[in-house]
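Q: Please take a close look at one part of this structure, residue by residue, and then set it beside other parts of the chain. A connected account is preferred to a list.

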Amino acid sequence: LMDLSIKENRILMFFITLFTGSFGVHWFIQKNYKKGIFYLFTFGGFFIGWLYDICKSFFDIFNNEKFINSKIVSPTQPMQHNIVNTIPNKTASNYNEQKPIKQDYIDLYRKVIFLRNYNGSPIRDNDKYPRYLFYDFKITNPSIFHKNLVTQGYLEHGSLDDTLRKLRIVDLKEILHSYKLPVSGNKNALISKIKENIPEETLKLLINDKSVLVLTEKGKKLIKENQDLIDHHSYGLRWQISLNEYIKAKKTLPFKCSFFDVAWGILDKRKLDNYCDKEFEALASTIYCMSELLGKEKKYKQSLQFLLTVFYLDTSGVFSLTYDREFIKSRDKEDLEKMCNIIFTFAPGIIEQIIHYQKYFEPGMIDEAYAFYPLPLNYCSKKLFESMIKELYFNDFFDEEKYFNILKDNFLKSI
């Protein structure tokens with residue numbers, strides 16, 4: 001969808017909503033997985049939600065606002081990073097609405113990532129390269145792209161040892177077998193046998209088509225100077241920070257800093273915007289991304305604090321605000337019970353990480369979660385939340401069903 005104009009995107013989304021919206025496909029495309037799952041099991045939100053989305057999607061075609069709103073679908077006190085308040089734009093979508101970054105940055109990005117990933121690899125036929133090179137970087141002819149990096153001085157032919165080390169064990173054994181040499185031993189032993197028994201010139205001819213390319217000093221310098229782009233490719237896409245958004249934020253800073261510092265500023269601004277706009281599902285996802293970032297920087301205590309906040313949001317029932325109150329009141333008990341599977345979330349990944357960081361836990365962390373993020377509604381009292389965390393840490397079994405039923409009963413009583 002991203003290669004089309006905004007209007008073409010809207011038209012395409014209208015037809016996707018029209019023909020597949022009852023299964024929630026349009027929500028899955030926009031990465032709102034909870035709504036997508038809800039639509040999938042309720043035939044488009046009991047038909048009403050689907051009909052509403054069709055109408056909205058149709059009128060969006062004639063609307064001047066940007067089509068795709070940057071949301072993440074899925075922890076309290078904001079941590080002090082050196083650029084938290086230096087990025088002027090409000091949200092991720094604000095960055096994306098600016099002019100696209102220059103082609104020079106895109107060319108540099110694909111060059112750095114390709115060099116990092118294919119240092120020590122031979123040139124291959126196009127169909128032997130992974131498809132992400134086309135989907136992520138629009139590299140339509142990776143074989144020629146690879147060769148051009150040699151011409152530009154970023155790669156050079158590696159030594160015989162470089163090539164032998166990159167060969168698979170089965171390839172090394174095949175060479176030995178063709179000379180009727182023993183094929184036992186580990187990889188280093190196989191390489192030693194080959195070098196001791198086969199003349200170097202003959203060996204070069206044998207593996208000529210497998211000759212690897214390695215970084216030149218120029219290539220190494222380029223990668224070192226652009227480590228932040230490599231980090232963006234590894235983490236930025238996972239945290240829904242586009243290259244455009246990252247470069248725009250980076251260029252506003254008067255000093256050089258790492259990708260993770262810039263990412264923290266972006267996520268911190270996004271978190272504030274999510275909370276102010278009452279986009280609580282997006283808020284939980286943004287805070288989770290910040291927890292991952294803190295864990296990456298080995299700030300495990302702060303990471304746990306953020307994870308607890310995600311769990312607090314997931315079990316509060318605040319996600320029910322996604323649905324109109326009148327719509328909720330019009331549902332029967334069976335429909336409402338199904339809805340509880342969407343609005344109360346016990347994500348195994350979150351629970352596992354909370355348990356993993358147990359030694360960093362402090363009782364005051366729960367107070368901070370409730371104090372820092374007061375919610376317009378909350379079906380999970382602080383006492384109940386403390387009970388869940390206590391059971392996670394001190395029992396050998398977490399009775400998720402028991403707590404889910406308590407939250408479900410609290411929700412049903414409020415209708």
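A: A residue is called buried here when its relative accessible area is under 20%, exposed when the value is over 50%, and partly exposed in between. The model is predicted, and the description below should be read in that light.

The part chosen for the close look is helix α22, which spans residues 364-372 and has M365, I366, A369 and Y370 as its buried residues. These residues lie on the same side of α22, because the arc they cover around the axis is only 135 degrees. The spacing can be understood from helix geometry: an α-helix has 3.6 residues a turn, so residues three or four places apart point the same way. Among the elements that cover the buried residues of α22 are α18 (300-316) and α23 (382-394).

Helix α20, residues 333-343, can be described in the same terms. Its buried residues are D335, L336, M339, C340, I342 and I343. Viewed down the axis of α20, they fall within an arc of 155 degrees, so they line one face of the helix. K333, E334 and N341, on the other side of α20, are exposed. E334 also takes part in a contact at the start of the helix, where a side-chain oxygen of D332 comes to within 3.3 Å of the backbone nitrogen of E334.

Toward the N terminus, a single residue of helix α1 gives a further view of burial. T17 is found in this helix and counts as buried because its relative accessibility is 1%. With neighbours within four places in sequence left aside, the residues in contact with T17 are H26, W50, D53, I54 and S57.

F23 lies in the loop between α1 (6-20) and α2 (25-29). F23 counts as partly exposed, because its relative accessibility is 44%. Together with I37, L40 and F41, F23 forms a nonpolar patch on the surface, and the accessible area of the four is about 410 Å².

Charged side chains complete the picture. The count of salt bridges comes to 16, and three of them are described here. In one, R110 pairs with D107, with 2.8 Å between the closest N and O atoms. Both residues belong to helix α6 (residues 103-118), where they are three residues apart, about one turn of the helix. R110 is buried, its relative accessible area being 14%, whereas D107 counts as partly exposed at 31% relative accessibility.

In another, the side chains of D171 and R168 meet at 3.1 Å, N to O. D171 counts as buried at 13% relative accessibility, while R168 is exposed, with a relative accessible area of 54%.

The remaining example is the salt bridge of R238 with E292, whose closest N and O atoms are 3.2 Å apart. This pair links distant parts of the chain, 54 residues apart: R238 is in the loop between α14 (227-236) and α15 (243-251), and E292 is in helix α17 (residues 280-296). E292 counts as buried, because its relative accessibility of 18% is under the 20% cut-off.

To return to the part examined at the outset, α22 carries its buried residues on the same side of the helix, with α18 and α23 among the elements that cover them.

Definitions and conventions
Residues numbered from 1 in each chain as written. Predicted model: local features only at pLDDT ≥ 70, side-chain atom pairs only at ≥ 80, totals over all residues. Heavy atoms only, no water. Patch = residues over 30% accessible without salt bridge, like charges linked within 9 Å, V, L, I, M, F, W, Y side chains within 5 Å. Areas by Shrake-Rupley, 256 points an atom, 1.4 Å probe, with all protein chains shown as cover. Helix = DSSP H or I, 4+ residues; strand = E, 2+ residues; numbered from the N terminus. Buried < 20%, exposed > 50% of the residue type's maximum accessible area, 1.4 Å probe, protein only. Arc of directions from axis to C-beta. Contact = heavy atoms within 4.5 Å. Polar contact = N/O pair within 3.5 Å; in protein donor to acceptor, adjacent residues only side chain to side chain.
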